[in-house]
Amino acid sequence: MKKAIRYLRFSSDGQSQHSIERQDIVTSTWISGNSVLLTDTFKDEGVSARTFDRPDVKLLFDFIKKNYRNIDYLVVAELTRFSRETGDAINMVKQIQQTYGVRIVSAGRSMIYDCTDSNSFFMMGLEFLLGNSENIKRQTDINGGIYTAKAGIDGTGGRWIKGGPAPFGFIKDRSKKNVTLLIHTDQAAVIKYIFDAFLSNIPPTIIRREAIARGLSRTSNAAINEILINPLYMGHQYVKAWKDHPGGLFPIKDLPPIIAPAIWQRVQDKINKPQIRTIIDDDLPLRQVLNCFCGVPLTGAASKSRNGSYYLYYKCKHKGHNNISAVKAHDQLEEILKLLSIPEKLIPRLKSSTESLLDQKLLENKKILIKKERDFEQVKHKMKIVEDKFFNDQINAETYQEWHTVLNDQRRTLNGEIEILSRDLNQVNLLLERNLYQLSDMNHVYRTASTLKKQELVRQVFDSRLYYRDSIYRTAFIMPIFRHNLLILKKNRLLLIDGISENSGDVEVTGLLSNRFVNFLSLVQSIKVA
């Protein structure tokens, strides 16, 4: 009686869970119908056939090598179960037959292949090619279905179809035929904090610690960065290109964004911008924050005096440039911060001005919002026209992709602007109300802060343009609200302003509602809370 072994393989890549059972039936039918004795079975479950580096394939080859004298056939349901790489697979089949005398059986086609017979060899190659063609078609259909589901039929957005648990910030809604996402209010607040803190230049370690304290369930070091780059939080998802259809970011229908697209894009721009490595030293908080007059950030180190004592200095890497006593630099900065502080008696006037500005801003936002919404609808209409021209073969795929990309970027930008214009200005007002009084003692805020937050406070007040020359701090920018004592700062040789006119004590209300100042107050609040 002829003897056989068989090989069954199930790949989880889009195949039926019953594939192994079906292969079992097909091979068993051939074996029993041809009066062949089955001596052993080898299985690979959930493994791709792109290579021969598979557990049971290795065991199979070792078994054939040792027992080939007692094996007549190697039975598979179809040759593609053995492998989908035609060239490698044919060479392997030839080797098994020529070296060990074992012939390959395709049970599904009732074929016993003989590599020494030209017709049989041709039919074997044809089965491989037909199998590969079917696999390619099936994978193309799967990819097309995924693309259509995620990008939408008209390319304007589709469904979220990823399996597993809902990402942090969302919960799954299973009440409909297709599972959708709903915003988890408490978790969404944590997501907003992470994005705001990152744009406020709060160090990642602090953001992570604070986010966990607020309820972030993910504690890995990479969690914050993975959240920041995830487009799901602006209501979009990445979609792979399919055939002539473009890939990229597509909106998810019926999923309101947690983060405005414009804010998300600002975060991506900041992430992709080369970062300057800063060494944190509590004794030298201005290292890499204060610049030399040549534009190079100052380093810091201790120098040994003649009597053996050590003193801290801020230094420029260029010989003959700044070499500043850290004690002197710190004392000067504290005096500057005292003069930047807003007199407490003026805070009520600032609050009143804020309320007036908020009312005015609200009216302006409504007018701009109407225009942006009109522009948004026009872009959507243009995208529909481009889609129709493409489907009617009036433009080629390259032109379609070029226009689709341009219009999709415009739509995403407008959507972000609409989101910002629609935001609740009461939140901004609450932030101002809670933290304006902190600005009456800027030196206290600075001294209370950690080293990392001290650095960020200086960067934000002076827009990273603070430098030192001739024993005086200088800058080309200072937040408008802190410009009321510029004459005194200049007279006391503490701070000189490049290109900014000095005033005589009035506190400016310019920029009270700007993103820059709101982010600054968020930083002040984090220092106060800490």
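**Figure 1. Arg-459 and Glu-456 join in a salt bridge.** In this predicted model, the closest N and O atoms of the two side chains are 3.7 Å apart. Both residues belong to helix H15, which spans residues 451-462, and because they sit three residues apart there, about one helical turn separates them. Take a moment to compare their surroundings: Glu-456 is buried, with a relative accessible area of 1%, whereas Arg-459 has a relative accessibility of 22% and counts as partly exposed.

**Figure 2. Asp-463 has a positive phi.** This view stays with H15 and moves to the loop between that helix and strand E14 (467-469), where Asp-463 lies. The phi of Asp-463 is near 55°, a positive value in a residue other than glycine. Such a value may catch your eye, because most residues other than glycine have a negative phi. Asp-463 is partly exposed, and its relative accessible area is 25%.

**Figure 3. Ser-35 also has a positive phi.** Here the loop of interest runs between H1 and strand E2 (37-45), and Ser-35 is part of that loop. For Ser-35, phi is near 55°, again positive in a residue other than glycine.

**Figure 4. A salt bridge pairs Glu-78 with Arg-22.** The closest N and O atoms of this pair are 3.1 Å apart. Arg-22 is found in helix H1 (residues 19-33) and Glu-78 in the loop between strand E3 (73-76) and helix H3 (79-82), so the bridge ties together parts that are 56 residues apart in sequence. If you are wondering about solvent access, Arg-22 is partly exposed, with a relative accessible area of 38%.

**Figure 5. Glu-334 and Arg-447 meet through their side chains in a salt bridge.** The N to O distance is 2.7 Å. This pair links distant parts of the chain, with Glu-334 in helix H10 (residues 326-340) and Arg-447 in helix H14 (residues 442-448), 113 residues apart. The two partners make a nice contrast: Glu-334 counts as buried at 19% relative accessibility, while Arg-447 is exposed, with a relative accessible area of 52%. The value for Glu-334 falls on the buried side because buried means under 20% relative accessible area. For context beyond this close-up, a search of the whole structure finds twelve salt bridges.

**Figure 6. Ala-149 is shown with residues that it touches.** Ala-149 lies in helix H5, which covers residues 118-151. Leaving aside residues up to four places away in sequence, Ala-149 touches Gly-158, Arg-159 and Ile-161. Ala-149 is buried, with a relative accessible area of 12%. You may also like to locate Ile-252: Ala-149 and Ile-252 are 103 residues apart in sequence, and their C-alpha atoms are 10.0 Å apart in space.

**Figure 7. The largest nonpolar core has 87 residues.** Good places to start looking are Leu-439, Tyr-473, Ile-478, Phe-482 and Phe-520, the residues with the most contacts inside this core. Helix H6 (residues 185-199) gives the most to the core, contributing nine residues. A second core, separate from this one, has 22 residues, and Ile-71, Val-76, Ile-104 and Phe-128 are among them. As a reminder of the general pattern, nonpolar side chains tend to be buried together in soluble globular proteins.

Notes
Residues numbered from 1 in each chain as written. Predicted model: local features only at pLDDT ≥ 70, side-chain atom pairs only at ≥ 80, totals over all residues. Heavy atoms only, no water. Core = buried A, V, L, I, M, F, W, Y, C linked by side-chain atoms within 4.5 Å. Buried < 20%, exposed > 50% of the residue type's maximum accessible area, 1.4 Å probe, protein only. Helix = DSSP H or I, 4+ residues; strand = E, 2+ residues; numbered from the N terminus. Salt bridge = Lys/Arg side-chain N within 4 Å of Asp/Glu carboxyl O. Contact = heavy atoms within 4.5 Å.
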